[in-house]
Amino acid sequence: MFDIPTPLRGAPSRRHLLAGLACSMFLTGCEAPLNLDAVERQHSEALQRTDFYQAMASNGETTLIVGNDGVVLRSSDQGTSWQRQPLPTSMSLVDLDVCPDRSFIALSFDNQLWHGSPDASQWRSHSLPSSEQMMATACAPDGSWWTVGSFSTLQHSADQGASWDESSLDEDAILTTLQFIDAEHAVVTGEYGLVYQSRDAGISWEPAGSLPDEFYPHASFFRDLDEGWVGGLNGFIWHTRDAGETWRKQPSGTEAPIFGFVSDGNALYALGENTTVLSLHGSRWQPLATPNQPLYLRAGLLVPEQHLLAAGGRGTLLNIQLPKALAASAD
């Protein structure tokens, strides 16, 4: 049996020590009430740390960001403030686009194409016809809906999802990007360096060279059928001026994977891992100042007053004021 010595002046008494011991043994009876106000405030915020954003688009009045677990963020003031309006699905929304009538289409990972009203207040889902995994979507200038994905599959609907046509490029590869440059011209890129172009609004597709080293593209942007950029792993950005016949690697100054391109028709920016944002100057890419964090950026949009919105992992959303020099060159 151990004796507890008489406490020194100012030290806790035997009674206080025993009470403390009892409190440590029966915490539930001695804790102060748990304050959940901070947790509730976090849950009420539009941007959550559990969000992983994948795509962004705007029709001029409504700006949307989509991501995992059906998350949809909506802004009616060019990204100054956001409201959270998740879709009734637990699946990730992997791509997003705006149609000529200002409505939205969003692709979810369970091969559902969601059609949203111009203010994004109403959404309707449409099942895609194939078991192949669709990876990207686009709304063509004629209003038709398009998706591309595994086994080089292309799907499109000319009647807002009531019926679908499906075709394949007969390549055992995943198509990862799709862009309609104008009403007649479109480009897809895919696994193993595939590049295909259409000159008849997607009715037919022809190979347009191939990316070096069977490159896997995460993102692409084409100004026209001749000139385009493709980004992917290791910070590689490839550039073509001859419709994909030849490609030149442009120095990016980073080994961070490139996941997205943002352009207003003049200036061009690249988004990537580690909150990387690059700006194209001539044939070289230069970094913009961003928080140095181990988080990806994938979705972006240029908004008025020379701001760039960039969104990615862990609820990351940056509103970047572009330097005046960049603004002048873009103008």
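This passage looks at one sheet and at the aromatic contacts in a predicted model.

Starting with the sheet, strands 21, 22, 23 and 24 line up in that order as an open, antiparallel arrangement. Strand 21 (258-263) and strand 24 (284-287) sit at the edges, each pairing on one side only. Between neighbouring strands here, the average turn is 30°, direction ignored. In the middle of the order, strand 22 (residues 268-272) and strand 23 (residues 276-281) run antiparallel and are joined by four bridges. Gly272, for its part, faces Thr276 of strand 23.

Turning to the rings, eight aromatic pairs show up across the whole structure. One of them is Phe52 with Tyr296, a stacked pair with 6.5 Å between centres and 20° between planes. Phe52 comes from the loop between helix 2 (37-44) and strand 1 (53-58), while Tyr296 belongs to the loop between strand 24 and strand 25 (297-303), so this contact ties together parts 244 residues apart in sequence. Phe52 is partly exposed, at 28% relative accessible area, whereas Tyr296, at 13%, is buried. Another pair, Phe236 and Trp238, meets edge-to-face, with 6.4 Å from centre to centre and 80° between the planes. Here Phe236 is partly exposed at 28% relative accessibility, and Trp238 is buried at 10%.

The Phe52–Tyr296 story doesn't stop at two rings: ring pairs link Phe52, Phe259 and Tyr296 into a cluster. Arg298 joins in from the side of charge, lying over the face of Phe259 at 4.5 Å from the ring centre. The charged end of Arg298 also sits over the ring of Tyr296, 5.4 Å from its centre.

Terms used. Residues numbered from 1 in each chain as written. Predicted model: local features only at pLDDT ≥ 70, side-chain atom pairs only at ≥ 80, totals over all residues. Heavy atoms only, no water. Pairing = 2+ DSSP bridges. Helix = DSSP H or I, 4+ residues; strand = E, 2+ residues; numbered from the N terminus. Axes fitted to C-alpha atoms, helices over the stretch in contact; angles between N-to-C directions. Phe/Tyr/Trp six-rings, centres within 6.5 Å; stacked < 30°, edge-to-face > 60°. Buried < 20%, exposed > 50% of the residue type's maximum accessible area, 1.4 Å probe, protein only. Lys NZ or Arg CZ within 6 Å of the ring centre and 35° of its normal.
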